[in-house]
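Biologist: Please take a close look at one buried acidic residue and its surroundings. Then follow the trail outward, in plain steps for a first-year student.

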Amino acid sequence: MRLQEEIVPFHRNGKTREDDVEGEEEDISSIDAGFLPRSLQRKLVVVGYALTSKKIKSFLQPKLEGLARNKGILFVAIDQSRPLTDQGPFDIVLHKLTGKEWGQILEDYRRTHPEVTVLDPPDAIQHLHNRQSMLQCVADMNLSNPYGRVDIPRQLVIKKDAASIPDAVMKAGLMLPIVAKPLVADGSAKSHELSLAYDQLSLQKLEPPLVLQEFVNHGGVMFKVYIVGEAIKVVRRFSLPDVCKRELANNAGVFRFPRVSCAAASADNADLDPGVAELPPQPLLEKLAKELRRRLGLRLFNLDIIREHGTRDQFFVIDINYFPGYGKMPEYEHIFTDFLLSLGQSQYKKRSSY
């Protein structure tokens, strides 16, 4: 695996994309999802997308669409008011919508159109919508190699009864301060909210259902590891500052944070302690990403990883997000289009066998 996978340009019938577009008179930017001319079907990697308006704005940026067209990739909006089977044909279906009905539509489509790549299976995505199950595969992995160790913070799930939280935390042996996150991680603004509780009494002010995690001092820096197929891209983000024992003794209450990590909080160019700023070793990330792709059955996700302050090789995965904000990832246009091209090559071979 390489940090940026180099993909050979997509060829069909021995022709390059440049050969295809020469003399092409059809306006591919305005093609309707229900009808694609056969001439274009043979020449393009057709990606049907079903995304929220927010995701369309952040992901389908002009630079991405322009690069995709130059490489022979056509993005086509899926009309959710019409049967999916009446649209296309697609090589790839890219989606990030929630709801049982949509999930069932995609599952049915996958069964009837095995030649199409659906990114990704709805049942696999659902696994990441619950923070109780989200990190379990990382814990089960027990990853340790010469480059470092990867674990998850000690955590506890509270589904109801806030008054019972102090006793539950004590019985579980969790140490203060405690990070509280909503149990449901559905991509909404609320699901990204978190709280930091400094004392036992304040724990009962939290609102279940939630996941409680021991806070791990990590130098105030988080690593966002973006995964697109086999490609990996790592960026630094500022995070919550460390909490010392004196601060813990002198503070009480619950501090709420609407969202810790965002593009504006980039730490890539900050003047940081090298021990804090050093990226996780690439071989460790490659092993982790490979195992998670296999265990989760997903190809589009990112990991929030921290390094325990004072160590060089102890890492913790604190969150996994499906189809994250790739628009914030440097060079995402090239990485993503190369990924789609590689899938297109595979799908062309698969179509030939049907």
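Modeller: Start with D120 and what surrounds it in this predicted model. Setting aside neighbours within four places in sequence, D120 touches H95, I125, G297, L298, R299, L300 and Y322. D120 itself sits in the loop between β4 (117-119) and α6 (122-126). Is D120 buried or exposed? D120 is buried, because its relative accessible area is 0% and the cut-off for buried is under 20%.

Now look at the side chain of D120. One of its polar atoms lies 3.0 Å from the backbone nitrogen of R299. A polar atom of the D120 side chain also lies 3.3 Å from the backbone nitrogen of L300. R299 and L300 are both among the contacts of D120.

R299 meets D120 through its side chain too. The two side chains form a salt bridge, at 3.8 Å from N to O. D120 is in the loop between β4 and α6, while R299 is in the loop between α12 (282-296) and β14 (300-307), so the pair ties together parts that are 179 residues apart in sequence. What about the exposure of the two partners? D120 is buried at 0%. R299 is partly exposed, with a relative accessible area of 30%.

That salt bridge has company. How many salt bridges does a search of the whole structure find? The search finds 14. Two further pairs are worth a visit.

Take K224 and D304. Their side chains meet in a salt bridge at 2.6 Å, N to O. K224 lies in strand β11 (residues 221-228) and D304 in strand β14, so this pair ties together parts that are 80 residues apart in sequence. K224 counts as buried, at 11% relative accessibility. D304 is buried as well, with a relative accessible area of 7%.

D304 leads on to D319. Leaving aside neighbours within four places in sequence, D319 is in contact with R131, M134, L135, K181, N302, L303 and D304. D319 is found in strand β15 (residues 314-322). It is buried, with a relative accessible area of 9%. The side chain of D319 makes a polar contact with the side chain of R131, at 3.1 Å. Which residues join D319 in a network of salt bridges? They are R131 and K181.

N321 lies in strand β15 too. N321 counts as buried, because its relative accessibility is 16% and buried means under 20%. Beyond neighbours within four places in sequence, N321 is in contact with L128, H192, L300, F301, N302 and D304. L300 appears here again: its backbone nitrogen lies 3.3 Å from a polar atom of the D120 side chain. D304 appears again as well, as the salt-bridge partner of K224. What does the UniProt record say about D319 and N321? In an unreviewed entry, UniProt lists them for "binding site".

Next, follow K181 from the network with R131 and D319. Strand β8 covers residues 178-182, and it pairs with strand β9 (residues 194-197) in the antiparallel sense over three bridges. In β9, S195 is the bridge partner of A180.

These two strands belong to an open sheet of five. In what order do the strands run? The order is β7-β10-β8-β9-β13, with antiparallel pairing. β7 (155-158) and β13 (254-257) are the edge strands, and each pairs on one side only. From one strand to the next, the twist averages 25°. A helix also meets this sheet. Helix α9 (residues 165-172) lies across β7, β8 and β10 (210-214). α9 runs at about 150° to β7.

The sheet brings in one more salt bridge. The side chains of R154 and E214 meet at 3.3 Å, N to O. R154 is in the loop between β6 (148-151) and β7, and E214 is in strand β10, so the pair links distant parts of the chain, 60 residues apart. R154 counts as partly exposed, at 43% relative accessibility. E214 is buried, with a relative accessible area of 15%.

Back to the starting point. D120 is a buried residue in the loop between β4 and α6. Its side chain meets that of R299 in a salt bridge. It also has a polar atom 3.0 Å from the backbone nitrogen of R299.

Technical notes:
Residues are numbered from 1 along each chain as its sequence is written. This is a predicted model: local features need pLDDT of at least 70, side-chain atom pairs count only at pLDDT 80 or more; totals for chains, interfaces and linings use all residues. Side-chain values use heavy atoms; hydrogens and water are left out. Helices (H or I, at least four residues) and strands (E, at least two) are DSSP runs, numbered from the N terminus. Buried means under 20% relative accessible area, exposed over 50%, partly exposed in between (1.4 Å probe, protein chains only). A polar contact is a pair of N or O atoms within 3.5 Å; within protein, one must be able to donate a hydrogen and the other to accept it, and residues adjacent in sequence count only if both atoms are side-chain atoms. Contact means heavy atoms within 4.5 Å. UniProt positions are given in the numbering used here, feature names are shortened, and annotations may be inferred rather than shown by experiment. Two strands pair if DSSP finds at least two bridges between them. Axes are lines fitted to C-alpha atoms, for helices over the stretch in contact, and angles run from 0 to 180 degrees between N-to-C directions. A salt bridge is a side-chain nitrogen of Lys or Arg within 4 Å of a carboxyl oxygen of Asp or Glu.
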